[in-house]
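Colleague: I would like to learn how to read a ligand site. Can you take me through one, step by step?

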Amino acid sequence: MIEGIEAMEQAWMISDTSDSSSDSDLGGRSGSSSSSPSPHAPSPPPPPPRANSPSIVDSSSWVEGAIIVGAGPAGLAVAACLKDRGVPSIVLDKANCIASLWQQRTYDRLHLHIAKQYCELPLLSFARDVPQYPTKNQFIDYLHDYARHFEIQPLFDRCVVAATREQSGDRSLWRVETVDKRRGVREEFRSRWLVVATGENGAERIPEDLRPGLDRFQGTVLHSSQYRNGKPFKGQRVLVVGCGNSGMEIALDLLNHGAQPSIVVRSPMHILPREMFGRSTFAVAMSLMKLLPLRVTDKLLVMYATLALGNTTKYGILRPSTGPLETKAKFSKTPILDMGTFRKIRSGSIKVMPCMEKIDREGVYFGDGRYESYDSIILATGYKSMVCSWFKDDGNYFSRDGFPKSGWNCDKGLYAAGMSRQGIFGVSKDAKHISDHIYDDFSFIERKRTNSIVNFKMMMK
Ligand SMILES: Cc1cc2nc3c(=O)[nH]c(=O)nc-3n(C[C@H](O)[C@H](O)[C@H](O)COP(=O)(O)OP(=O)(O)OC[C@H]3O[C@@H](n4cnc5c(N)ncnc54)[C@H](O)[C@@H]3O)c2cc1C
């Protein structure tokens with residue numbers, strides 16, 4: 001049984017992964033005739049250089065401090081913590097702005113799902129007048145303020161296409177290669193420390209078994225990263241595939257914009273009210289866990305949820321046999337914090353559908369034998385890490401799904417920030433650990449260097 005504060009912190013953090021099992025990318029597709037990607041579709045990264053054939057770079061720089069890949073919350077947090085301790089760093093991002101996920105790949109009505117005190121980055125709090133659950137724009141403003149405050153100026157349009165380790169004496173050296181497609185320039189950066197902060201949401205995840213049907217379907221197909229709001233779907237029958245926090249909220253948004261949404265729920269999941277007794281459910285769970293074992297806390301959460309929401313099973317949403325915190329800890333499946341969708345499911349305004357059997361030109365056959373036609377399908381099927389597309393690893397540090405094998409400290413000056421499936425709370429924890437670790441190493445080297453200069457000067461006297 002998982003107990004203790006550390007387990008509690010790990011037990012339940014928001015991440016927007018889905019229950020789908022297989023991977024692949026899909027650009028957006030609007031209408032049957034068009035096969036061109038949607039303007040919101042993320043452009044594919046340029047091909048990595050072939051193994052064993054060093055590519056010709058236009059410039060090569062030695063970085064005194066750390067190289068941080070990714071200017072999302074995790075990359076910014078690491079850069080800020082390092083700066084605070086006097087360690088320099090550079091931040092590289094393939095996008096043209098900080099927090100590109102939040103600025104370019106999220107829907108309009110998105111708010112932080114958990115209260116702001118659990119979504120702060122280290123060393124700088126949200127302003128007092130920011131509400132308990134900041135909107136995505138308030139969160140983006142906070143990140144801009146954060147970067148300004150710590151004078152973090154990422155190098156944008158630098159897509160990292162390769163990172164390799166070399167041994168230099170008794171130390172490792174990391175070589176990172178970037179491509180700036182806009183300027184047509186290849187650069188190389190070298191350092192003792194490399195921080196991977198490219199996130200768990202590198203690319204859209206589309207279950208492989210859906211692909212053939214989606215190709216046949218004549219209506220609009222979008223991934224949730226391309227969905228902005230329900231306006232274009234007014235009056236349409238829309239199927240949302242995937243019932244994570246994004247899928248549930250998108251179904252509600254569609255309804256509010258005059259669409260007729262249905263949502264596919266293909267495996268058991270926990271829905272909890274966003275607040276309990278006027279406090280964030282997450283905060284309540286954290287407090288309970290300090291006093292009670294995880295399973296008892298889970299029981300109390302489910303009891304409260306049943307009182308507040310009713311029996312979800314009646315509406316086609318089964319609860320897993322393990323409680324919400326245990327399910328998150330064991331299977332990385334985040335409980336849904338209800339933003340009002342469940343009330344609409346209860347009233348019948350949003351239909352719950354079982355697993356999909358087959359998609360044809362106009363609609364979908366479901367596991368219970370029903371067939372429904374749709375105008376659009378929105379895939380809220382989650383994301384996948386893309387680290388393995390550029391990190392030349394041989395499976396030493398990252399598993400095949402692009403997650404670090406040994407947490408934030410991957411060894412030999414390599415770190416992973418924000419890849420512990422614990423949302424922004426986990427991002428902050430990683431940033432503190434990583435900056436402490438690099439600081440110790442950095443100051444040791446600085447001391448050694450100062451001592452050799454002093455010794456040299458004394459010899460010359
Ligand atoms: C819709 C949605 C809602 C969420 N809501 C919450 C919430 O309410 N609370 C919470 O705690 N968590 C939430 N999360 C989960 C998580 O906290 C966020 O995804 C958060 O942005 C993670 O930060 P990150 O810096 O690790 O990754 P990201 O924000 O994904 O940043 C990664 C950066 O790396 C860059 N990058 C990627 N590949 C390369 C490359 N090869 N070269 C150069 N740069 C690269 C990207 O451009 C990006 O800027 C949410 C996630 C999603 C998708």
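Colleague: Which atom of the ligand does a backbone N or O atom of Pro 73 lie 3.2 Å from?

Modeller: A polar contact is a pair of N or O atoms within 3.5 Å. Here the model is predicted. The partner of that Pro 73 backbone atom is an oxygen atom of the ligand, at 3.2 Å.

Colleague: Which polar backbone atom is 2.8 Å from an oxygen atom of the ligand?

Modeller: One that belongs to Ile 424. A side chain takes part too: an N or O atom of Ser 100 is 3.0 Å from a ligand oxygen atom.

Colleague: How much of the ligand's accessible area does the protein cover?

Modeller: Compare the ligand on its own with the ligand in place. On its own it has 980 Å² of accessible area, and the protein covers 96% of that.

Colleague: Which elements give two or more residues to the shell around the ligand?

Modeller: Helices H2 (73-84), H3 (100-104) and H11 (423-460) do, along with strand E4 (159-168). H3 gives the most, with 3 residues.

Colleague: Which residues come nearest to the ligand?

Modeller: A residue enters the shell if one of its heavy atoms lies within 4 Å. There are 30 around this ligand, and the nearest are Asp 93, Trp 102, His 113, Asn 201 and Ile 424. By type, the shell holds 15 nonpolar, 11 polar and 4 charged residues.

Colleague: And the chain as a whole: how many helices and strands?

Modeller: Its secondary structure comes to 11 helices and 23 strands. Of its 461 residues, 53% are buried.

Technical notes
Residues numbered from 1 in each chain as written. Predicted model: local features only at pLDDT ≥ 70, side-chain atom pairs only at ≥ 80, totals over all residues. Heavy atoms only, no water. Polar contact = N/O pair within 3.5 Å; in protein donor to acceptor, adjacent residues only side chain to side chain. Areas by Shrake-Rupley, 256 points an atom, 1.4 Å probe, with all protein chains shown as cover. Helix = DSSP H or I, 4+ residues; strand = E, 2+ residues; numbered from the N terminus. Nonpolar A, V, L, I, M, F, W, Y, C, P; charged D, E, K, R; others polar. Buried < 20%, exposed > 50% of the residue type's maximum accessible area, 1.4 Å probe, protein only.
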